[in-house]
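Hi! Here's the structure I promised to pass on. Have a look at it first, then read my notes below.

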Amino acid sequence: MEIFNSIFAGLMVIGICIGLILLIFSKSRKVGKGVFITCLLILLTISFSNSFVWKYESSEISSVTPEKYNQLKEGMTPKEVKKIVGGSARSEE
């Protein structure tokens, strides 16, 4: 979902630029104003949704300190390791 929102937001920025270009010419000023305002409102809605509705935040990436490493034992399940280390792995390998 994050990548979709990023791509869609990029398209809205392009739409805003097109709207601004259309504002330059008197014959297309009305259309340019509509494109600009529509794209700006959609971009603001996406931004608001990401910040307050979906609350996309970077997930905590685990780090292994010497203290945490000493707590790890051979044969532990991934769930037990995650409980000690915390966060998600950078790589599953």
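**What I found**

The side chain of Ser28 reaches the backbone oxygen of Leu22, at 2.8 Å. That fits a polar contact (a pair of N or O atoms within 3.5 Å; within protein, one must be able to donate a hydrogen and the other to accept it, and residues adjacent in sequence count only if both atoms are side-chain atoms). Ser28 sits in the loop between α1 (2-24) and α2 (29-53); helices are DSSP runs of H or I, at least four residues, numbered from the N terminus. Ser28 is also buried, at 16% relative accessible area (buried is under 20%, exposed over 50%, partly exposed in between, with a 1.4 Å probe and protein chains only).

Before you go on: this is a predicted model, where local features need pLDDT of at least 70 and side-chain atom pairs count only at pLDDT 80 or more, while totals for chains, interfaces and linings use all residues. Residues are numbered from 1 along each chain as its sequence is written, and side-chain values use heavy atoms, leaving out hydrogens and water.

Now the cysteines. How many disulfides does the structure hold? Zero, where a disulfide is a pair of cysteine sulfur atoms within 2.5 Å. The sulfur of Cys17 has its closest cysteine sulfur in Cys39, 9.6 Å away, so that is too far for a bond. Cys17 is partly exposed at 40% relative accessible area, whereas Cys39 is buried at 11%.

Lastly, find Ile3 in helix α1. Ile3 is exposed, with 61% relative accessibility.

Cheers!

Key. Helix = DSSP H or I, 4+ residues; strand = E, 2+ residues; numbered from the N terminus.
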